[in-house]
Amino acid sequence: KENIYILGIESSCDDTSAAVLCNAQILSNVVANQEIHTEYGGVVPELASRAHQQNIVPVVHQALEKAGIKKEQLHAIAFTRGPGLMGSLLVGTSFAKSLAYGLDIPLIDINHMQAHILAHFIDEEHQQKPSFPFLAMTISGGHTQIVKVNSYFDMEVLGETIDDAVGEAYDKSGKVLGLGYPAGPEIDRRAQLGNPKAFKFTKPKVDGLKFSFSGLKTAILYFVQREVKANPNFIEENLNDICASIQYTIIGILMDKLKVAVKQTGIKQIAIGGGVSANSGIRKALKDAEQKFGWTSYIPKFEYTTDNAAMIGIVGYLKYLEKDFSDFDVMATARLKL
Ligand code: KG4
Ligand code: ZN
C-alpha cells in the first residue's frame, strides 16, 4: 500500500504551524508562537496576521525538512479554513492554495474545531483512540464546546459557550490578579498549592449544555477589588488560595456539564482537547470520574491539544482517503460552523 504524505497548515489564531504526516503518523509538527501578544495581555488580530506572514514560509520549510520530505512528494495540502480570525486565516488559506496549485495536488479545507476532536486519531504509541460514539469537550482560549461524535465526519454540537471561552476565564482572572498572559498555566500551578474551598464563587446558571463564563470573571473582579480595599496585600497573601478557588469553580462547571451530557446521551467515553486540557484539575476530575462513574477519558499529547497543524494534517489524511477535496475558490470563513 502506498504511503500518503500530507502537509497540514494552521493559522487560525496566533500560532503559525505546519506539519507533515505519513498516513496517520506525524513526521513533523512545527509551531511558531507569537510572543508579540504577551505585552497586550491578549491576541491583537492585526499583529497576528502580520506575524503569520513572516512565519509561514520558514515554518513550512522546517516542517518539510524535519520530516525529510520534499514538497514534490506531498499528496495533498490541508489547511484551516475556519473558524478563527479572518486576517490570520487568510494567510494560511492563500499560502495553501498557492502551494497546492503550484504542485498540482489536491487542496483540502479543514474545520479547526473538527480538527481539535480528530487529533485523537493521530497514531501514537501507547495512546488509546476513542471508539464511536464518544463525547468531545474542546476547551481553550477560543472555544468551549461539548460535541457528540458519531463518526469522523458526523458531529453534533450539544452545547457551547454563550460568551467567553473557559481559557478566557482563566486568562482574565489572571489579569485581575496581576499574573502574566496567558495566565491559565500559572493559576493551575498555584491552585495545586492552595485551598480550593478558601473562597466561594457562584457557578453561572445556564440551561442544559450551554456554558457561560463572563459572569464569573466579573464576580472575581468585584471580589478582588472589595478585598483589596480592606487589605491592600490581599492578593499577595492569598494568591494560591484564590487560584485554587477559581480553579475549583471552573472545573466544577466543566464537570457538571459533562455529567449532564453523559446523562443525556448515555455515552461515557469522554475525549478532551484544547489548551485547557493540560489543566491538572480537569485531568484529575476525569480520572476520578473513571473510578466513580465508569467513564473512560482520552487526553491527547499536549502538543496535539493546543493549536497545531498535526491535527489539521490528520483530518486532511482522513478526508484524502474519502477523496473529499476542495475547489480552489474555497474561502477562509471566520465563523465556520462544525
Ligand atoms: O488551545 P490553545 O493553545 O489556544 C487557543 O486558545 O485556541 O489554548 C490556550 C488557552 C489559554 O487560555 C491558556 O491560559 C489555557 O489554554 N491553558 C490553561 C492551562 N494551559 C493552558 N488553562 C488552565 N490550566 C492550564 N494548565
Ligand atoms: Zn483551537
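Q: In which helix is the place of His112?
A: This is a predicted model, in which local features need pLDDT of at least 70 and side-chain atom pairs count only at pLDDT 80 or more, while totals for chains, interfaces and linings use all residues. Residues are numbered from 1 along each chain as its sequence is written, and chains are lettered from A and ligands numbered from 1 in the order in which they are written. Helices are DSSP runs of H or I with at least four residues, strands are runs of E with at least two, and both are numbered from the N terminus. The place of His112 is in helix H3.

Q: What is the largest C-alpha distance within the "binding site" that UniProt annotates?
A: The unreviewed UniProt entry gives this annotation to His112, His116 and Asp307, in the numbering used here, with a shortened feature name, and possibly by inference rather than experiment. These residues are spread over 196 residues of sequence but cluster in space, and their largest C-alpha distance is 8.8 Å.

Q: Which element gives the largest share of the side of domain 1 that touches domain 2?
A: The domain assignment, which is automatic or from a database, gives domain 1 (5-120 + 304-321) and domain 2 (129-299). Their contact, counted where C-beta atoms placed from the backbone lie within 7 Å, takes 14 residues from domain 1 and 21 residues from domain 2. On the domain 1 side, the largest share is five residues, and they come from helix H3 (residues 112-118).

Q: Which elements give two or more residues to the shell around ligand 1?
A: The shell, whose residues have a C-beta atom, placed from the backbone, within 6 Å of the ligand, holds 19 residues, the closest being Gly141, Gly167, Gly184, Gly275 and Thr306. The elements that give two or more of the residues around ligand 1 are helix H4 (166-176) and helix H5 (184-191).

Q: From which domains does the shell around ligand 1 draw at least three residues each?
A: Both parts of the domain assignment must be considered here, since the chain is divided into domain 1 and domain 2. The shell around ligand 1 draws at least three residues from each of domain 1 (5-120 + 304-321) and domain 2 (129-299).

Q: How far apart are the end C-alpha atoms of helix H7?
A: The expected span is 1.5 Å times one less than the number of residues, which for the 32 residues of helix H7 (residues 234-265) gives 46 Å. H7 also bends by about 55° at Asn240, the bend being the angle between axes fitted to the seven residues ending there and the seven starting there. The end C-alpha distance of H7 agrees with the expected span, at 44 Å.

How values were computed: Two residues are in contact if their C-beta atoms, placed from the backbone, lie within 7 Å.
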